[in-house]
Amino acid sequence: MASQDGIREAIGLIRGANAATLASSAEGQPFASLVTPAPAPDLSPLLWLSTLSAHTRQLAAEPRCALLFTGTTDSPNPQTAPRVTVTGLAEPVPEAEVAPLKARWLARHPYAALYADFADFGLWRLRIGGALHVGGFARAERIKAGELAPDPVAVTAILAAEAEIIAHVNADHANAVAAIAEGMLGAGPGAWRLVAVDVDGCDISDGNQTVRLAFLARLSDSDGVRAALIRAAREGRARLNG
């Protein structure tokens with residue numbers, strides 16, 4: 001069994017990534033490419049892919065693939081950076097599910113609205129089969145899919161409350177959102193708005209870039225989200241006020 005710290009860091013890397021490396025294959029030849037994922041509520045990575053791209057054609061022919069999510073390090077040695085490789089099967093998202101998941105993907109990548117409606121693009125999902133987490137140099141452990149997956153009941157509960165949470169926070173607590181983005185997360189001044197919420201954290205965007213607040217633990221209901229946002233806003237204000 002993987003360590004709880006390793007599982008938590010792996011989840012954070014998957015949830016927080018704005019970019020990842022996709023490993024696909026064509027007739028046995030490995031192929032690596034840069035992609036821009038966003039996590040579904042159940043943690044499945046979402047990819048908005050063009051049929052003009054080689055990796056999309058490869059996934060259609062061979063859905064087995066991997067995604068490498070890499071964190072940051074202050075060390076000159078890149079091997080000290082935390083990272084997680086997720087393996088699984090890629091699949092096009094059924095049309096009936098596309099609209100809400102596309103909106104979630106765009107919440108993470110708002111700049112992509114310029115091309116998101118092009119006819120050659122479509123939404124793909126990676127069904128996670130397992131992962132390898134490396135917490136730094138010589139610190140590797142395998143993680144089972146079930147260890148990464150959130151409680152489906154909690155996912156459903158927070159997803160059901162998400163729209164109301166977002167509307168209320170943005171309408172009545174815009175200053176708190178700004179405090180979290182600028183004070184807690186170190187983003188610059190902007191018209192920050194809450195755009196997505198899940199069991200592990202929330203996304204805040206100014207319409208051009210998106211930053212993420214990771215909760216201290218996985219949450220199961222809207223009350224937990226409210227408490228986490230209040231705590232983060234207080235800390236953000238304290239940091240801004242120095």
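How are helix 5 and helix 7 oriented to each other, and why? In this predicted model, the axes of helix 5 (residues 152-172) and helix 7 (residues 222-240) come within 10 Å and cross at roughly 40°. Angles under 35 degrees would count as roughly parallel, and 65 to 115 as roughly perpendicular. The two helices, helix 5 and helix 7, are therefore oblique to each other. As for handedness, the crossing of helix 5 past helix 7 is right-handed. On the helix 5 side, the contact is made by Ile-158, Ala-161, Ile-165 and Val-169, while helix 7 brings in Ser-222, Val-225 and Leu-229. Sorted by character, the residues of this contact come out as six nonpolar, one polar and no charged.

Now for the nonpolar cores. The largest one has 28 residues, and those touching the most other members are Ile-180, Leu-194, Val-197, Ile-204, Leu-213, Val-225 and Leu-229. Two or more residues apiece are given to this core by helix 5, helix 6 (174-184), strand 9 (193-198), strand 10 (201-205), strand 11 (210-214) and helix 7. Helix 5 supplies the largest share, with seven residues. Val-225 and Leu-229 thus turn up twice: they belong to the contact between the helices and are also listed among the core residues that touch the most other members.

Leu-229 deserves a second look. Once its neighbours within four places in sequence are set aside, Leu-229 is in contact with Val-169, Ile-180, Leu-194, Cys-202 and Leu-213. Apart from the largest core lies another, made up of 25 residues, including Leu-13, Leu-67, Val-84 and Val-86.

Note on methods: Residues are numbered from 1 along each chain as its sequence is written. This is a predicted model: local features need pLDDT of at least 70, side-chain atom pairs count only at pLDDT 80 or more; totals for chains, interfaces and linings use all residues. Side-chain values use heavy atoms; hydrogens and water are left out. Axes are lines fitted to C-alpha atoms, for helices over the stretch in contact, and angles run from 0 to 180 degrees between N-to-C directions. Helices (H or I, at least four residues) and strands (E, at least two) are DSSP runs, numbered from the N terminus. Angles under 35 degrees count as roughly parallel, over 145 as roughly antiparallel, 65 to 115 as roughly perpendicular and the rest as oblique. A crossing is left-handed if the near helix is turned anticlockwise from the far one by less than a right angle, and right-handed if clockwise. Contact means heavy atoms within 4.5 Å. Ala, Val, Leu, Ile, Met, Phe, Trp, Tyr, Cys and Pro count as nonpolar, Asp, Glu, Lys and Arg as charged, and the others, Gly among them, as polar. A nonpolar core is a set of buried Ala, Val, Leu, Ile, Met, Phe, Trp, Tyr and Cys residues joined through side-chain atoms within 4.5 Å. Buried means under 20% relative accessible area, exposed over 50%, partly exposed in between (1.4 Å probe, protein chains only).
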